[in-house]
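Trainee: Got a minute to go through this structure with me? Let's pull it up.
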Amino acid sequence: MTDNTEFTREDIKYMKAALKQAEKALAIGEVPIGAVIVENGRIIGRGYNRRNTDHTTLAHAEITAIRKANKKVGDWRLEGCTLYVTLEPCQMCAGALVQSRIDRVVIGAPSFKSGCGGTLLNILQNSEFNHQVVVDQGLMQEECTQILQRFFKDLRLRNKMRKKAGSADQSFD
């Protein structure tokens with residue numbers, strides 16, 4: 001795992017594309033996480049978090065991007081591909097990335113609660129597995145963190161207002 005400060009213009013371009021996916025999640029009230037998969041200079045898979053919308057644990061940005069990329073290339077293997085993701089993958093997504101044989105993962109923000117790209121665990125580079133992924137962290141970290149902070153700040157405010165409205169309704173009983 002590296003904290004690479006020497007990202008390329010292409011890396012920045014694709015992380016911006018992942019952030020656009022995160023904005024789509026934000027627009028539908030989901031935790032704003034976005035991902036894109038790139039092969040030979042073109043995006044072959046996009047995804048954003050839709051767990052609440054689709055009512056499934058599996059609707060993570062990375063899983064959606066993997067599924068779309070698999071369909072595009074016509075294979076379960078994503079060798080030669082790079083995933084750009086706004087938040088460090090969880091254990092499920094990290095495992096799927098290893099299984100897909102993806103070459104590289106570029107992470108925007110660390111996940112201190114579920115990060116399995118080096119923060120809590122490092123599933124992506126576990127030498128016991130038959131495949132390890134190159135991990136670069138910290139690309140556009142501030143932007144990736146800010147969208148998440150904005151979402152959770154708004155969520156706390158909405159919950160507080162909902163709670164306040166609920167207690168006001170009960171006072172008239």
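Trainee: Is Leu157 buried or exposed?
Mentor: In between. Leu157 is partly exposed, because its relative accessible area is 48%. Buried means under 20%, exposed over 50%, partly exposed in between (1.4 Å probe, protein chains only). Remember that this is a predicted model: local features need pLDDT of at least 70, side-chain atom pairs count only at pLDDT 80 or more, and totals for chains, interfaces and linings use all residues. Residues are numbered from 1 along each chain as its sequence is written, and side-chain values use heavy atoms, with hydrogens and water left out.

Trainee: Which helix holds Leu157?
Mentor: H5, residues 141-170. Helices (H or I, at least four residues) and strands (E, at least two) are DSSP runs, numbered from the N terminus.

Trainee: New topic. Why does Asn70 count as buried?
Mentor: Because its relative accessibility is 19%. Asn70 sits in helix H3.

Trainee: What does Asn70 touch, leaving out residues up to four places away in sequence?
Mentor: Asp75, Trp76, Arg77 and Leu78. Contact means heavy atoms within 4.5 Å. A polar atom of the Asn70 side chain also lies 3.1 Å from the backbone oxygen of Asp75.

Trainee: How many residues are in the largest nonpolar core?
Mentor: The count is 43. Such a core is a set of buried Ala, Val, Leu, Ile, Met, Phe, Trp, Tyr and Cys residues joined through side-chain atoms within 4.5 Å. Leu124 is one of the members that touch the most others.

Trainee: Which element gives the most to this core?
Mentor: H1, with six residues.

Methods:
A polar contact is a pair of N or O atoms within 3.5 Å; within protein, one must be able to donate a hydrogen and the other to accept it, and residues adjacent in sequence count only if both atoms are side-chain atoms.
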